[in-house]
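Hi,

Here is the structure I promised to pass on. Have a look at it first, and my notes on what turned up follow below.

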Amino acid sequence: MPKMKSNSGAKKRFKKTASGKIMRKKAGKSHLLTKKRSKRKRKLGKTTTVDKTQKKDVEQMLPYK
């Protein structure tokens with residue numbers, strides 16, 4: 001049986017930490033930035049964890065366990 005292919009889009013968007021959490025970037029930092037305050041833009045630049053309700057779905061798309 002051939003190997004399962006991992007989702008290429010997920011490989012680029014998610015990283016797994018040593019403790020098993022999955023990190024992602026926040027949305028909303030690409031355009032229409034003039035109306036957003038500096039504090040909000042700073043916070044959008046940081047990474048956050050994937051919600052526990054979506055963690056299983058993301059793990060199925062990634063090549064590592």
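Start with Ile-22: leaving aside neighbours within four places in sequence, Ile-22 is in contact with Phe-14, Lys-15, Lys-16, Thr-48, Thr-49, Val-50, Lys-55, Val-58, Glu-59 and Leu-62. Keep in mind that all of this comes from a predicted model.

Several of those contacts turn up again in the largest nonpolar core. That core has 6 residues in all: Ala-10, Phe-14, Ile-22, Val-50, Val-58 and Leu-62. As a bit of background, nonpolar side chains tend to be buried together in soluble globular proteins. Across the whole protein chain, 14% of the 65 residues count as buried.

Now the strands. Ile-22 sits in S2 and has Lys-16 standing opposite. The pairing behind that is between strand S1 (residues 15-16) and strand S2 (residues 22-25), antiparallel, over 2 bridges. The hairpin they make has 5 residues between the strands, and one of the things to look at there is Gly-20, with a positive phi near 100°.

On to the next pairing: S2 is also joined to strand S3 (residues 47-49), by 3 bridges, and these two run antiparallel as well. If you want a spot to click on, try Arg-24, whose bridge partner in S3 is Thr-48.

What about charged pairs? The count comes to 1 salt bridge. The partners are Lys-16 and Glu-59, and their closest N and O atoms are 3.6 Å apart. Lys-16 belongs to strand S1 and Glu-59 to helix H3 (residues 55-61), so this pair ties together parts that are 43 residues apart in sequence. Are the two partners buried or exposed? Lys-16 is partly exposed, with a relative accessible area of 26%, and Glu-59 also counts as partly exposed, at 25% relative accessibility. For reference, buried would mean under 20% and exposed over 50%. Both partners also appear in the contact list of Ile-22.

A couple of places outside that region are worth a click too. Leu-32 lies in the loop between S2 and H2. The phi of Leu-32 is near 60°, a positive value in a residue other than glycine. Further along, Lys-43 lies in helix H2 (residues 38-44). Lys-43 is partly exposed, with a relative accessible area of 47%. Its C-alpha atom is separated by 15 Å from that of Met-23, and the two residues are 20 apart along the chain.

Stepping back to the whole chain, the secondary structure comes to 3 helices and 3 strands, and along the sequence the pattern reads α-β-β-α-β-α. How does the radius of gyration of the protein chain stand against that of a compact globule of 65 residues? The protein chain has 15 Å, whereas such a globule would have a value near 11 Å. The C-alpha atoms fill a box of roughly 55 × 25 × 20 Å along the principal axes.

Two last numbers on the chain. The accessible surface comes to about 6000 Å², with 53% of that belonging to carbon and sulfur atoms. Taking contacts between residues at least 6 apart in sequence, 56% join residues at least 24 apart.

Shout if you'd like to go through any of this together.

Cheers

Terms used: Residues are numbered from 1 along each chain as its sequence is written. This is a predicted model: local features need pLDDT of at least 70, side-chain atom pairs count only at pLDDT 80 or more; totals for chains, interfaces and linings use all residues. Side-chain values use heavy atoms; hydrogens and water are left out. Helices (H or I, at least four residues) and strands (E, at least two) are DSSP runs, numbered from the N terminus. The radius of gyration is taken over C-alpha atoms; the globule rule is 2.2 Å times the number of residues to the power 0.38. Buried means under 20% relative accessible area, exposed over 50%, partly exposed in between (1.4 Å probe, protein chains only). Contact means heavy atoms within 4.5 Å. Accessible areas come from the Shrake-Rupley method with a 1.4 Å probe; for residues, only the protein chains shown count as cover. A nonpolar core is a set of buried Ala, Val, Leu, Ile, Met, Phe, Trp, Tyr and Cys residues joined through side-chain atoms within 4.5 Å. Two strands pair if DSSP finds at least two bridges between them. A salt bridge is a side-chain nitrogen of Lys or Arg within 4 Å of a carboxyl oxygen of Asp or Glu.
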